[in-house]
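Biologist: I should like a close look at the salt bridges of this structure, please. Which residues form them, and where do they lie?

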Amino acid sequence: MGSLRFEGRRVETRDGDTIGSALFRHGVRTFSRSLKSHRRRGLYCATGDCANCLVTVDGVPGERACTTGVREGMRVQRETGWPSTEHDALAINDTLHWAMPVGFYYKVFVRPRWLWEVAEKVIRRTTGTGTLPVTAAAAPKPTRYARVDVLVIGGGVAGLAAAAAAEGRVLLVDEGQIGAAASDPATRAAIERFATQARAAGVELLERHAAIGIYEGPSVPLVGPDELVEVEAARVIVATGAVEAHGVFPGNDLPGVWLARGAARLAALHGVSPGDRAVVVANTDDAAASVQTLRDAGIEVTEVRGRVLEARGSKQVASVTVLTPEGRRAFACDALVLSLGWAPRDTLLRMSPDPEVSGAGDVVLPGCTLAEAAQSGRAAGGGRPVEPRLAEPWPILEEAGYVCVCEDVDVHDLEAAWDEGWTSSEILKRYTTATMGPCQGALCSRHLSSFAESKGAAAGAQGRTTARPPARAPRLEDLIGGVHEVIERRTALHERHVEAGARMDRSGVWMRPGHYGDTNGEIRAVRERVSIMDVSTLGKFWVAGRDARALLDWAFPLDVGAVAPGRARYLLALDEAGYVVDDGLLAALADGTYYLTSTSGGADRMEASLRNWADRLNLHVHLVNQTAHLGAINVAGPYARELLAALSQDDLSRAAIPYPGHAEITVAGVACRAIAVGFVGELSYELHHPRSRSVELWNALLDAGRAWDIRPHGLDALDVLRLEKGHLFVAQDTMPDDHPTKLGLDWAVARDKTSFVGKQALVRMAALPLDRKLVGLRFDGVPQRGAPLSVGERIVGRVTSCAVSDAVGASIGLGWLRTIDGAFPQALVAGDLRATVTPMHFYDATGERPRG
Amino acid sequence: MAELRACSLAVVVCAADADALDALVAPGYGARVLRTAADEALFVTAPEVVADVAREVADRIAALDDDAIVLDVTDGWAAWSLAGDDAERAFSYLSHLEAPANRAFVQGDVAHVGAKVLGEPGCLTILVPAYWREHLRERAVHDARAHEVRP
């Protein structure tokens with residue numbers, strides 16, 4: 001014994017109760033209101049197949065009351081109706097059905113246009129199935145991966161028999177507890193017997209995990225209470241059983257109308273009578289067991305065969321009219337129990353036509369006996385797929401009644417849609433939304449195709465609608481399970497940056513210091529004294545082999561042969577269309593090998609490209625990606641050489657390390673490749689070194705640099721420094737279709753080379769007029785990046801980079817500019833500011849400072 | 001619960017022709033050879049013998065491919081071990097890869113990053129590029145619920 005809180009009231013619960021059984025025992029009959037007409041809806045299938053009993057549990061909407069077990073103190077709330085589910089003023093909609101015909105939202109609220117905005121808000125407030133807790137942080141579940149030889153979905157007799165008979169690693173999964181839902185003794189005994197066999201055969205039984213789809217592979221995601229499981233299986237056996245057919249007749253949605261297994265389950269498992277006087281419409285062999293169960297529970301049962309013509313009642317069913325072989329008969333009752341036929345739960349099975357996916361039991365042999373279920377399970381487990389039994393003719397739809405209870409679509413709606421020209425099951429679905437509710441057509445998809453067939457739909461237009469995942473509704477946090485958006489690459493200096501008070505920013509895949517608290521101070525340190533920056537994120541590659549030069553000559557537009565050992569050269573990377581995709585530096589080593597760098601974000605693409613070309617051209621080249629292995633620190637500023645001299649015995653003269661060039665030196669005891677670079681426009685040495693020595697080297701540089709009031713600089717300072725120099729950031733300042741001419745980088749292309757990636761495209765593009773290019777800009781204020789550049793009313797470009805530069809004494813930027821009448825305009829407007837086109841090199845135009 | 005420990009391992013890479021690597025006699029010193037690509041092999045060894053392993057590999061490969069690259073890239077890798085009876089189950093929360101048998105190795109996606117996984121007696125050793133060291137640790141602790149054992 002325990003209790004839950006139901007809309008503020010205490011409700012006693014018993015061991016094994018579901019929310020549905022506890023509330024029903026407590027007297028609750030209306031569990032929800034329907035989507036459109038706000039009709040009362042009660043427990044119906046009690047097997048988790050329909051959506052009548054969706055409630056909010058502890059703030060989480062959309063829980064099925066009929067299958068969710070109770071927990072002490074849980075808070076349960078019904079979701080629909082205003083002001084309450086029990087007393088719903090919007091039930092008036094049921095009398096306004098004529099005003100809301102099928103597809104009405106496509107036809108009304110069209111004019112005036114503002115009407116839809118108003119109507120949409122009202123509709124959203126009055127429909128739906130619960131409110132998402134938008135303030136709650138989603139807690140993604142971990143994802144587990146499993147590989148098995150056989151996955152069996154469904155822990156009934158057929159599934160367990162299949163699992164016991166299968167060979168290899170076998171996993172059986174059930175969305176509930178195995179055997180817990182069986183309401184008759186024979187089924188329970190059979191399940192127990194086969195479960196014992198399966199366990200003895202080493203089958204892993206996984207309960208409370210729902211399969212939500214079958215994907216190519218076959219791959220099956222399972223949603224469990226605390227985890228997601230992605231199963232890759234050589235074979236999948238679907239044994240998800242069948243649900244009794246949904247009956248469509250006037251009044252079919254009244255509380256008190258039940259599917260037989262659900263009613264029996266309530267009585268047998270939870271000791272709750274679905275009513276005092278039940279009429280059981282028993283058109284299946286299985287009905288006898290349900291009738292017996294209900295009688296055993298003390299319910300007065302009238303068993304009848306025939307077609308249900310109508311059910312009547314206000315708050316719940318009070319009478320039913322059935323067309324029996326003896327004629328039309330009316331019965332007074334408070335429960336109408338339907339056993340009309342079988343609807344295989346075949347959504348999963350229909351998702352995959354692969355031969356590796358087969359069915360067993362009711363899902364392929366609807367209404368089969370226990371013996372047939374076991375036999376089909378053993379056959380499927382042994383790799384002998386069971387031939388599906390042809391479905392019995394589907395119960396004829398009466399002239400009225402709800403076909404899709406989730407979406408409030410009745411027979412009249414289907415008729416109206418058909419008359420409007422929606423004459424196939426697929427487009428009937430889309431127009432009426434039948435089968436698109438929370439049950440995903442579990443009850444009504446056959447009715448839809450049956451309706452299309454009865455109306456004479458063309459052969460290809462009357463089948464079942466396509467089955468798609470999810471077969472069971474997952475929560476949003478289930479969908480994000482296992483997805484970690486934050487996969488950080490950290491340099492060896494990460495902790496040092498954090499200790500130094502850096503604001504760490506995400507820069508592509510890397511975490512990098514944005515600034516250390518004083519961007520302007522960092523800029524001044526580079527321009528006036530000395531500063532260091534962690535550039536370990538750069539892509540770093542060693543290229544060797546007798547064809548190394550041939551590969552690089554082909555892959556890049558620079559003249560590799562002109563790069564002497566000890567020298568370095570800026571390189572552009574183009575694609576075959578001649579567009580700039582990356583840039584970096586190429587250093588020629590003394591032994592005929594090469595060391596090259598790429599942008600931080602371009603390393604993976606650079607490696608892939610080089611390997612691709614080496615392979616395609618069959619070149620004898622060896623490539624080692626040293627990005628992870630090597631750290632790099634850029635020492636920049638007028639006193640960079642003096643700082644290194646304080647820590648190194650090596651020759652650091654311009655002759656020893658020319659600009660641009662490189663040399664192997666030892667700094668503070670750390671072996672480094674020092675590369676003289678000029679990205680920030682000052683004397684700079686990138687010290688490439690083993691990653692494990694990064695902290696030691698960084699600390700030594702900071703210690704020795706005190707004499708020059710050294711400080712590290714971050715990305716924010718770098719953005720200004722390179723902009724002052726007129727250096728672009730690939731991706732930030734470039735567009736996907738930029739060739740070097742547009743960027744002012746023709747000097748980096750050796751056009752006289754016989755061939756290189758993108759050359760033919762460049763030749764063709766050179767014949768075309770240049771209609772867009774990157775330009776330098778000066779502003780009379782502080783613009784925003786991305787601001788449009790315009791001339792009069794005409795937008796001719798946009799600002800890609802901008803900053804207020806103390807070194808230049810102006811507000812500067814880079815931006816795109818298009819021609820007007822064949823000429824590039826010089827005077828522009830950038831938002832509210834005036835902008836003037838200028839040369840891109842704002843600082844040290846002659847380029848002397850990097851040479852020291 | 002699986003135990004997670006940082007491992008001290010050394011790694012030597014050899015980039016050479018496929019034929020040369022096919023013919024290469026594995027070095028001694030207990031180094032494990034991981035053929036990670038047709039033209040690349042990694043040699044995983046104890047740190048104290050890494051120089052010996054690198055030298056031996058360099059000597060042997062030179063006779064087969066005179067411009068092969070042999071490089072101690074220990075700094076480029078971070079190694080974690082998952083040990084205990086639950087090691088394989090913990091690993092299944094990190095990767096769709098099948099846990100390798102003892103002395104075998106697999107490579108692919110682990111915690112959504114590229115990794116090499118070595119099967120060893122009683123444990124799995126996972127090698128990831130050094131910049132993902134913390135990422136793997138965090139995912140192993142949070143997703144695989146491994147207990148981190150610090151030295």
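Modeller: The following account concerns the salt bridges and their surroundings. This is a predicted model, in which local features need pLDDT of at least 70, side-chain atom pairs count only at pLDDT 80 or more, and totals for chains, interfaces and linings use all residues. Residues are numbered from 1 along each chain as its sequence is written, chains are lettered from A and ligands numbered from 1 in the order in which they are written, and side-chain values use heavy atoms, with hydrogens and water left out.

Over all chains, the search finds 66 salt bridges (a side-chain nitrogen of Lys or Arg within 4 Å of a carboxyl oxygen of Asp or Glu). One of them joins Arg169(A) to Glu98(B), at 2.7 Å from N to O. This pair crosses between chains: Arg169(A) is in the loop between helix H4 (157–165) and strand E9 (170–173) of chain A, and Glu98(B) is in the loop between helix H3 (87–92) and strand E7 (105–110) of chain B. Helices (H or I, at least four residues) and strands (E, at least two) are DSSP runs, numbered from the N terminus. Arg169(A) is partly exposed, at 41% relative accessible area, and Glu98(B) is partly exposed at 39%; buried means under 20%, exposed over 50%, and partly exposed in between (1.4 Å probe, protein chains only).

Within chain B, Asp22(B) and Arg35(B) form a salt bridge of 2.9 Å, N to O. Asp22(B) belongs to helix H1 (residues 18–23) and Arg35(B) to strand E3 (residues 32–37), so the bridge ties together parts 13 residues apart in sequence. Asp22(B) is exposed, at 56%, whereas Arg35(B) is partly exposed, at 31%.
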